[in-house]
Amino acid sequence: MEDGSSRDTSVPDDAEQPSEDAEVNIAQEIFSQQEDPIFANKSLLEISHVPSFDRIVGRDNEIRKLSEELRGAVQGYSPENVIVYGKTGTGKSLVSKYVSSQAVANAHDDVRIGYEYLDCSTDNTETQAASTLARAFNDPEETGLDIPERGLSTAAYYKRLWQVLEQRYDVVLIILDEADLMADDNLLMKLSRAGESGNTDCRIGVIAISNKIEWAEDLNERVKSSLQPKELSFHPYDAQQLEEILQHRRDAFKPDVLDDGVIPLCAAYAASDFGDARKAIDVLRHAGNVAYERDADTVTEQHVKDARTKAEKDRFKELVEGIPQQAKASLLALAILSLNSEQEEFPTQLVYRQYQNICDNIGQDVRSERRFRDILKELAFLGIVDNRKENLGRSGGITLLNRLVEEPEIVYEIIRDDARFETLTNHLSES
DNA sequence: CATCCACCGGAAAGATGGGGCT
DNA sequence: AGCCCCATCTTTCCGGTGGATG
């Protein structure tokens, strides 16, 4: 992402260096391993992979209902707005995309219709959302409009969005995935009122996806009344459906490498995890990786079991590696306290002092205590720490007790791997 | 049983850095 | 060039909290 000036010291063109040859050969060896004994087409197991639509399992009812709500769009009328609920991995996005694409495919000849999918966990502010939508619907060739990613005011982005819709579409469907992560309701408000406030003649149908059932209730009254959403809820997949979903992806593997019990076991695991299809696929993929790493000929149930814990560890490691430096220092403070004490829970004050030590030690800025509290809350939101409020009464007031969710050793190791924490004096602790 | 401790957490505003427009 | 807008992180200020304490 950045300038490459610091690394690449070995690039120069003197090819006769033996060490470099060796490296090339190692790399070649790995890259050119043509025969993968386990996988035939691994991309079928990627999370982003959308199965061909005739393979959607067990969601016929949902597809039917959603299609009915959107029926108007096909003829150029206003579709209903829909809020789709359901736990993660229950096919909400998949079905929404599928039905929208079908609406586009089956539209009457004289109806200009389009749909776009917006992930509100990425574009979580009104401005970003308006920007992304405007760019997604736009075609510079046709409209002559260029829409920059950033730099414009929110109002300016809306203005362009309306222009684009006006020029290019009679009806659009907008899928807002994870709509509950949106910072505020303004986007929904604007979209639902675009017509009546004369911004555009294009009719807009919103499909808002949320995994929190309470979300609609929290919605601003004004939004609710102008959106008038229909509600649709998705149930978790049962074990049998999960199994079927996995069977459809069997082609990812070479024939006969999957032991009979593997898919049912993955399905059973995922079914106990709230029927999350994504998890089922994850576990299956990881099982394949485990088998590969162990040079096995087939994927066994044991591989699935091992993969399950491995997958969780990987996820956790990635999560911790990805947090900002200040958060790492904070987390490390908590880990060190846990390592040096019988207790599991520590009041914020104590953790803060430890955090100050760490910052001093590695020469990092110390944040204010207020900010520190927010950092802890963010860590709690990510599920890395747990915090519990307790009132210690007259001598202590209210305090948060913080506890690591994972083993402190693991957390400690992961953070110490970060180069910026290398200089940290070993186990500086005792308070 | 009223008090009171000292931390919690909301609000607002500053700092910094991304970028576009005219 | 000078101005405007937005995102993110941080600090400052301060009212709220509720069980242990006397």
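Where does lysine 212 lie, in terms of the loop and the elements on each side? I looked this up to get started: lysine 212 is in the loop between β4 (203–210) and α8 (215–218). Helices here are DSSP runs of H or I with at least four residues, strands are runs of E with at least two, and both are numbered from the N terminus.

**Ground rules**

I'm working with a predicted model, where local features need pLDDT of at least 70 and side-chain atom pairs count only at pLDDT 80 or more, while totals for chains, interfaces and linings use all residues. Residues are numbered from 1 along each chain as its sequence is written, chains are lettered from A and ligands numbered from 1 in the order in which they are written, and side-chain values use heavy atoms, with hydrogens and water left out.

**More on lysine 212**

I checked its cover next: lysine 212 has 39% relative accessibility, so it counts as partly exposed. (Buried means under 20% relative accessible area, exposed over 50%, and partly exposed in between, with a 1.4 Å probe and protein chains only.) Setting aside neighbours within four places in sequence, I found lysine 212 in contact with Tyr85 and Asp180. Contact means heavy atoms within 4.5 Å. I also looked at histidine 108: from lysine 212 it is 104 residues away in sequence and 35 Å away in space, C-alpha to C-alpha.

**Chain A as a whole**

I counted elements and got 17 helices and 8 strands in chain A. The C-alpha trace spans about 70 × 65 × 55 Å along its principal axes. Of the 431 residues in chain A, 42% are buried. I then looked at contacts between residues at least 6 apart in sequence, and 72% of these join residues at least 24 apart.

The accessible surface of chain A is about 23,700 Å², and carbon and sulfur atoms hold 45% of it. That area comes from the Shrake-Rupley method with a 1.4 Å probe; for residues, only the protein chains shown count as cover.

For charges, I have 49 positive and 81 negative ones in chain A, and their mean positions are 7 Å apart. Lys and Arg count as positive, Asp and Glu as negative, and His and the chain ends are not counted. Each charge is placed at NZ of Lys, CZ of Arg, CG of Asp or CD of Glu.

**DNA strand C**

Which residues are closest to DNA strand C? I get Thr125, Arg367, Ser368, Arg371 and Asn391, out of 18 that surround the strand. Of the strand C atoms that come within 4 Å of the protein, 72% are sugar and phosphate. (Near means that a heavy atom of the residue lies within 4 Å of the strand.)

I went through some polar contacts, meaning pairs of N or O atoms within 3.5 Å; within protein, one must be able to donate a hydrogen and the other to accept it, and residues adjacent in sequence count only if both atoms are side-chain atoms. Threonine 154 puts a polar side-chain atom 2.9 Å from a phosphate oxygen of strand C. Asparagine 391 has a polar side-chain atom 2.5 Å from a sugar or linking oxygen of that strand. For arginine 394, a polar backbone atom is 3.2 Å from a base nitrogen of strand C. The elements giving two or more residues to this surface are α4 (126–137) and α16 (369–381).

**DNA strand B**

Around DNA strand B I find 17 residues, with Arg150, Thr348, Arg370, Arg394 and Ile398 nearest. Sugar or phosphate makes up 70% of the strand B atoms within 4 Å of the protein, and bases make up the rest. Arginine 370 has a polar side-chain atom 2.8 Å from a base oxygen of strand B. Glycine 393 uses a polar backbone atom, 3.4 Å from a base oxygen. Isoleucine 398 also brings a polar backbone atom, 2.9 Å from a sugar or linking oxygen of strand B.

Which element gives the most to the surface near strand B? I found that β8 does, with 3 residues.

**Helix α11 and some odd phi angles**

In α11 (residues 262–272), the buried residues include Val262, Leu265 and Tyr269. The buried residues of α11 pack against α10 (239–248), α12 (277–293) and α13 (301–322). Just after α11, I noted a positive phi of about 60° at phenylalanine 274.

Aspartate 295 has a positive phi of about 55° without being a glycine. I found aspartate 295 in the loop between α12 and α13, exposed at 68% relative accessible area.
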